[in-house]
Amino acid sequence: LAMTKLIVVVGATGGQGGGVINAFLNDPEYRVRGVTRNPESEKAKALVKKGVEMVKADQKDEDSLLDAFQDAFAIFAVTDYYDFFFQIGKDAAIEREYTYGVNMAKAASKIQTLKSYVWSTLPPTNALTGGEAVVPHFEGKGRVNLFMKDKLPDLFAKTTFAMFTIFAANMHQYPIFRPVWLESAQKWVQFYPTSPESTYPCVGDHAVNSGIFVRAIVERSPANGTYVRCNVEDLTLESYLALWGRASGISPAPQSTKVIQMTVADYIALWGHMGEEQASQWTFFEYVEKQKAAGFLGEGIPGATLIDGKSLLSEEEENSLKSVEDSLKGLDWSKIISRPSF
């Protein structure tokens, strides 16, 4: 009997980790181990019932991660900046996310059986822009990429950097993104500190699609520090809001939604720290577009290989991706968004 390959999934009870578990769970070639801070949680117990081996480890404790990673053929590693940003602020959150990412990388580098390390990450914005357009929720992850390349070359050779684009659930989860009913205009509006025609890349339902992309990465691993852009559809802010209107059933009529551009200062005045956080992302995207237009940047990430995640998928896998429209349709908007009665 051939030995099964062990995949270890960090953040097993979260959206991305849960998606990765589901993608491997029914494959007889693999056994799945989930890593969580709290194996006694209802979500963790539910995974045990499905046949997942659940182990306790903490990202701040490298030794616990080393134990959790033992005998792994593949590891999926992820951190959640927003797990602590709201409590400790951006600077401390960057440092914490960096520390957690480094701890996982150091532990993974000591696993002799490891063939594929998939790190859910984003670009190192400080290094890419010379400090001009730093995105705090990218930065901690991005610095881990540089640390691995510089300090852990053997692990880097087994690593694929999976960059997931915007989750459809963000609009549902974070109030800053939710459309607002403007009675006098008879429209649902959204405010952004950038052009309504800005590209809005969306991975759709991250709890489904993350697993499809990660499985393809593990099975056909480009490794060697390749960046894989895991994206389902490129929309614009305007077309995404219109799609939300149709998919949710709340605002299906043409011209019944509108994205309004405001200044970064006004956006931050309205939404405070979260406004600053989100504005930094659009400032970075604008910086990249300007650099491309001026010929200073090509497509991709300087000094790295960037490929489209769909290029790794079979036709069947690509067809199994949950579309952005279906992802929005699958969320319950009734308790989140309601039209005020006047």
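This report walks through the cores, a pocket and several individual residues of a predicted model.

## The nonpolar cores

Let us start inside the protein. The largest nonpolar core has 68 residues, and the members that touch the most other members are I7, F164, Y240 and L328. A second core, separate from this one, holds 31 residues, among them V35, A72, I111 and Y117. As general background, nonpolar side chains in soluble globular proteins tend to be buried together.

I7 is a good place to look more closely. Leaving out residues up to four places away in sequence, I7 touches V20, F24, Y30, R31, V32, R33, A74 and V218. R33 appears in that list, and R33 sits in strand β2, which covers residues 30–36. Is R33 buried or exposed? R33 counts as buried because its relative accessibility is 7%, and the cut-off for buried is under 20%. With residues up to four places away in sequence set aside, R33 touches L6, I7, V8, V9, V52, E53, V55, D67, A68, F69 and Q70.

L235 belongs to strand β12, residues 233–236. L235 is buried too, since its relative accessibility is 10%. Beyond its neighbours within four places in sequence, L235 is in contact with S198, T199, Y200, C202, Y240, L243 and V324. One of these partners, Y240, is also among the members of the largest core that touch the most other members.

## Two residues with positive phi

Most residues other than glycine have a negative phi. Two loop residues are worth a visit with that in mind.

D71 is not a glycine, yet its phi is positive, at about 70°. D71 lies in the loop between α3 and β4, the latter spanning residues 74–77. D71 counts as partly exposed because its relative accessible area is 47%. Which residues does D71 contact, leaving aside its neighbours within four places in sequence? They are L6, I111 and T113. The C-alpha atoms of D71 and T113 are 5.6 Å apart, although 42 residues separate the two in sequence. I111, another contact of D71, is a member of the second core.

Q255 likewise has a positive phi, about 65°, without being a glycine. Q255 is in the loop between α11 (237–248) and β13 (257–261). Q255 is exposed, as its relative accessibility of 67% shows.

## A loop aspartate

D58 occupies the loop between β3 (53–56) and α3 (62–69). A polar atom of the D58 side chain lies 3.0 Å from the backbone nitrogen of K60. Apart from residues up to four places away in sequence, D58 touches R37, S64 and L65.

## The second largest pocket

The second largest pocket encloses about 210 Å³ of space. Its lining is made up of 17 residues, and those nearest the centre are K149, Y227, P302, G303 and A304. Two or more lining residues come from each of α6 (125–129), α7 (136–151) and β11 (226–230). Which element gives the largest share of the lining? That is α7, with three residues. By character, the lining divides into ten nonpolar residues, six polar and one charged.

## Toward the C terminus

L306 is located in strand β14, residues 306–308. L306 is partly exposed because its relative accessibility is 32%.

R339 lies in the segment after α14 (324–329). R339 is partly exposed as well, given its relative accessible area of 48%. When residues up to four places away in sequence are left out, R339 touches W181, Q186 and W188.

## Separations in sequence and in space

Here are four residue pairs, with their sequence separations set beside their C-alpha distances.

| Pair | Separation in sequence | C-alpha to C-alpha distance |
|---|---|---|
| D71 and T113 | 42 residues | 5.6 Å |
| R339 and L270 | 69 residues | 21 Å |
| L235 and F86 | 149 residues | 29 Å |
| L306 and K258 | 48 residues | 33 Å |

The pair D71 and T113, at 5.6 Å in the table, is also a pair in contact.

Key: Residues numbered from 1 in each chain as written. Predicted model: local features only at pLDDT ≥ 70, side-chain atom pairs only at ≥ 80, totals over all residues. Heavy atoms only, no water. Core = buried A, V, L, I, M, F, W, Y, C linked by side-chain atoms within 4.5 Å. Buried < 20%, exposed > 50% of the residue type's maximum accessible area, 1.4 Å probe, protein only. Contact = heavy atoms within 4.5 Å. Helix = DSSP H or I, 4+ residues; strand = E, 2+ residues; numbered from the N terminus. Polar contact = N/O pair within 3.5 Å; in protein donor to acceptor, adjacent residues only side chain to side chain. 1 Å grid on protein atoms, 1.4 Å probe; cavity = no way out; pocket = protein on both sides within 12 Å on 5 of 7 lines; lining within 4 Å. Points joined across faces, edges and corners; volume = space filled by probe spheres on them. Nonpolar A, V, L, I, M, F, W, Y, C, P; charged D, E, K, R; others polar.
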